[in-house]
Structure formats: structure tokens, C-alpha cells
Amino acid sequence: TVLIGKDWSLEARQAIFGQRQIQFYAPYSGSSPILLPPVLLVAHNAGDQEETATRAIGQNAAGIEVDVLYVDGVLYATHSAPSSFMPKRAWQAPRLRDAWEYSAGAKVLKLDLKSTGQNALDSLVRFIEARPTGQQIIIVSKSQDALIYLNQQLPETIQILSLSSGDDVDLLLEHGGRIDGVDGISIPEWALTLS
């Protein structure tokens, strides 16, 4: 398939083959030391590819984030499902079990749920229960119901609700800034305004 007028090569890699988009890395080039309070450094989406997870761990990232997608009864480490016009056997996304192994060197494993149906959640619970680990597991989702369920099933994990808009933040503030069954929230910088 060819689309004229749009460069969609990065999107195509992800949609067709389940591969992550190109990862960018640049060392800090300033001369002043960076002084920060204690920060948990998590390599965003690095667990979706073995090479980026290995590199992030080598650069002392404390955590690795893995996108978790449930497709045809299998948990994958990818952001997007295979395209309907591509044979599934050509899809190259790693399985979650592989990402779990090559991310074992991180202290924290952050699982960003892209599938929150009951079958996906039950499969994830079975997966984690079958793999005891010393890592801290953080589970992130846009679904509060999924997080509440996982908190009950996997009480040793940390649940983070992902908010994606200013409206979501406003709704949170209307509830006193607290949501039952959730340990914390994640808000992208574009959803916030400074005054």
C-alpha cells in the first residue's frame, strides 16, 4: 500500500511490524552540574525493544517502561496492534515474556496498559504471579476500573492513573485530588498550565 503526500514511515513501522519508533538519545552537553531532588529515572517505552532496554539499563535508568497490549490471547510489549492489512506472522512485536527477561536489570518495571479488557487483565495477573521478582512493578492505565481490579489482585504493585487532558485534571480536582484504588497519577506537561 502506498500513500502519496504523507511521510508515514515511522508510523508504518509501528503499525505494521509492531516496532517502536526511532529512539532518541543525546547526552547532556551543558557545563553546569544538574542538581535535582531524588528522581526515579524511567526509560519511556524502552522495554518495547531489547536494544533500547539494554541501552537504558546501561545508562543507569532505574526503571524500564513496557507497553502491554493483549492480542489474540497473548501479551505483547508494544504500543499498537498489528495492522489489519498485514499478515500477523509478519508482525514483529516482542512478547511481554521477552521484555520481562531483557528488562530484568532494572529496579522498576513500569507496565503501561494498552489493553484493559477482563481477559487482558486476568492474563496479566497470571503472568505476574507466575514470575516472582525483586523489581517494583508499577502499572499505569487510563482505566481506573482496571487499576482497582489489579490493586486487588496484585497488592504489591503500584497503580498509576494516566490522565491525558486538562479536563481529566479538573475532574480529579473536583474529587479532592484523590481517586480510590489508585496510588498516584501521571499527567503530561501539555495538560497543565502555569499561572
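By class, the residues around the largest pocket of this predicted model divide into six nonpolar, eight polar and seven charged ones, where Ala, Val, Leu, Ile, Met, Phe, Trp, Tyr, Cys and Pro count as nonpolar, Asp, Glu, Lys and Arg as charged, and the others, Gly among them, as polar. Because the model is predicted, local features need pLDDT of at least 70 and side-chain atom pairs count only at pLDDT 80 or more, whereas totals for chains, interfaces and linings use all residues. Residues are numbered from 1 along each chain as its sequence is written, and side-chain values use heavy atoms, with hydrogens and water left out.

## The largest pocket

The volume of the largest pocket is about 430 Å³. Of the 21 residues in its lining, His-44, Asp-112, Lys-114, Lys-142 and Ser-162 are the closest to the pocket centre. A pocket here is an open set of points on a 1 Å grid over the protein atoms alone, at which a 1.4 Å probe fits and which has protein on both sides within 12 Å along at least five of seven lines, and lining residues have an atom within 4 Å of a point. Grid points are joined across faces, edges and corners, and the volume is the space filled by probe spheres set on the points.

Strand E2 (63-71), strand E4 (108-113) and strand E5 (136-141) each give at least two residues to this lining, and the largest share, three residues, belongs to E4.

## The chain and its strands

The chain has six helices and seven strands, which follow one another from the N terminus in the order α-β-α-β-β-α-β-α-β-α-β-α-β. These elements are DSSP runs numbered from the N terminus, helices (H or I) having at least four residues and strands (E) at least two. Of the 195 residues of the chain, 39% count as buried, a word that means under 20% relative accessible area, while exposed means over 50% and partly exposed lies in between (1.4 Å probe, protein chains only).

Eight of the nine residues of E2 are buried, so this strand is largely enclosed by the rest of the structure. Glu-65 is placed in strand E2 and is itself buried, with a relative accessible area of 1%. Although Glu-65 and Ile-139 are 74 residues apart in sequence, they are 9.6 Å apart in space, C-alpha to C-alpha.

Two strands pair if DSSP finds at least two bridges between them. Strand E1 (residues 42-43) runs parallel to E2 and is joined to it by two bridges, with Val-42 opposite Gly-63 in E2. E2 also pairs with E3 in the antiparallel sense, over four bridges, and here Leu-69 stands opposite Tyr-76 in E3. Both faces of E3 are covered, since Val-74 and Tyr-76 on one side and Leu-75 and Ala-77 on the other are all buried.

## Three loop residues

The hairpin of E2 and E3 has two residues between the strands, and within it Asp-72 takes a positive phi near 50 degrees, although Asp-72 is not a glycine. Asn-60 is another residue other than glycine with a positive phi, in this case near 70 degrees. The table places these two residues beside Thr-133.

| Residue | Loop | Relative accessibility |
|---|---|---|
| Asn-60 | between helix H2 (50-58) and E2 | 66%, exposed |
| Asp-72 | between E2 and strand E3 (74-77) | 63%, exposed |
| Thr-133 | between H4 and E5 | 36%, partly exposed |

Thr-133 is 33 residues from Trp-100 in sequence and 10.0 Å from it in space, C-alpha to C-alpha.

## The aromatic pair

A pair of aromatic rings is described by the distance of the centres and the angle of the planes. The structure holds one such pair. The ring centres of Trp-100 and Phe-127 are 5.2 Å apart and the planes stand at 85 degrees, so the pair is edge-to-face. Rings of Phe, Tyr and Trp (its six-membered ring) pair if their centres lie within 6.5 Å, and planes under 30 degrees apart count as stacked, over 60 as edge-to-face and the rest as tilted.

Trp-100 lies in helix H3 (residues 96-102) and Phe-127 in helix H4 (residues 118-129), so the pair ties together parts that are 27 residues apart in sequence. Trp-100 counts as buried at 9% relative accessibility, and Phe-127 counts as buried at 9%.

The ring of Phe-127 also has the charged end of Arg-131 over it, 3.8 Å from the ring centre. A charge sits over a ring if NZ of Lys or CZ of Arg is within 6 Å of the ring centre and within 35 degrees of the ring normal.
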